[in-house]
Amino acid sequence: CGWLSRGLGDVYKRQGLLLGIDIINPGGTLNPDMADHIMNHMRENGVLIGTTGPNYATLKIRPPMVFQKEHAEILLSALIKAMEDLLSRKAESAKA
């Protein structure tokens, strides 16, 4: 998923299972609007995450201690769907 990595910046590993993923523009600047869209899209698909950091442009992933491989697959699938939705919306607005 090369297109996926273009919107993802630094990944932060904190205590326990806590992760943070910066959402960035192609130029590398933080993009809080994209982070908000991804967070809401994932919530609509049953995966609860939040945003944090400068301008709330970092996805905050705090899985429960019982997080297993199948849960990681659900999380990744929801993230990919959110990014695909975001890219298709950008493509549609570019056509308009």
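Buried means under 20% relative accessible area, exposed over 50%, and partly exposed in between, with a 1.4 Å probe and protein chains only. The model is predicted, so local features need pLDDT of at least 70 and side-chain atom pairs count only at pLDDT 80 or more, while totals for chains, interfaces and linings use all residues. Residues are numbered from 1 along each chain as its sequence is written, and side-chain values use heavy atoms, with hydrogens and water left out.

**Exercise 1.** State where His37 lies, whether His37 is buried or exposed, and which residues His37 touches.

Solution. Begin with the element: His37 is in helix H2. Helices (H or I, at least four residues) and strands (E, at least two) are DSSP runs, numbered from the N terminus. Next, apply the cut-off: the relative accessible area of His37 is 19%, so His37 is buried. Last, list the contacts, where contact means heavy atoms within 4.5 Å. Not counting residues up to four places away in sequence, His37 touches Ala82, Asp85, Leu86 and Arg89.

**Exercise 2.** Describe how H2 and H3 pack, and give the residues that make the contact.

Solution. Two packed helices are described by the angle between their axes and the distance between the axes. Axes are lines fitted to C-alpha atoms, for helices over the stretch in contact, and angles run from 0 to 180 degrees between N-to-C directions. For H2 and H3 the angle is about 125°, and the axes are 9 Å apart. Angles under 35 degrees count as roughly parallel, over 145 as roughly antiparallel, 65 to 115 as roughly perpendicular and the rest as oblique. H2 and H3 are therefore oblique to each other. On the H2 side, the contact is made by Met34, His37, Ile38, His41 and Met42. On the H3 side, the residues are Leu75, Ala78, Leu79, Lys81, Ala82, Met83, Asp85, Leu86, Arg89 and Lys90.

**Exercise 3.** Place Leu75 in its element and list its contacts.

Solution. Leu75 belongs to helix H3, residues 69-95. Its relative accessibility is 17%, so Leu75 counts as buried. Leaving aside neighbours within four places in sequence, Leu75 is in contact with Met42, Val47, Ile49, Ile61 and Phe67. As a further distance, the C-alpha atoms of Leu75 and Gly46 are separated by 9.3 Å, with their positions 29 residues apart along the chain.

**Exercise 4.** Give the strand order of the sheet, and say which strands stand at the edges.

Solution. Two strands pair if DSSP finds at least two bridges between them. Four strands form an open sheet, ordered S1-S2-S4-S3, with antiparallel pairing. Strands S1 (8-13) and S3 (50-52) are at the edges; each has a single partner strand, so one side of each is left without a neighbour in the sheet. From one strand to the next, the twist averages 30°. Helix H2 (residues 32-44) packs on the sheet and touches S2, S3 and S4, and its direction makes about 160° with that of S3. Within the sheet, S2 (residues 19-23) and S4 (residues 58-61) are joined by four bridges, and Leu19 stands opposite Ile61 in S4.

**Exercise 5.** What is phi of Asn55 and of Tyr56, and are these residues buried or exposed?

Solution. Most residues other than glycine have a negative phi. Phi of Asn55 is near 60°, a positive value, and phi of Tyr56 is also positive, near 60°. Asn55 is in the loop between S3 and S4, as is Tyr56. Asn55 has 59% relative accessibility and so counts as exposed; Tyr56, at 54%, counts as exposed too.
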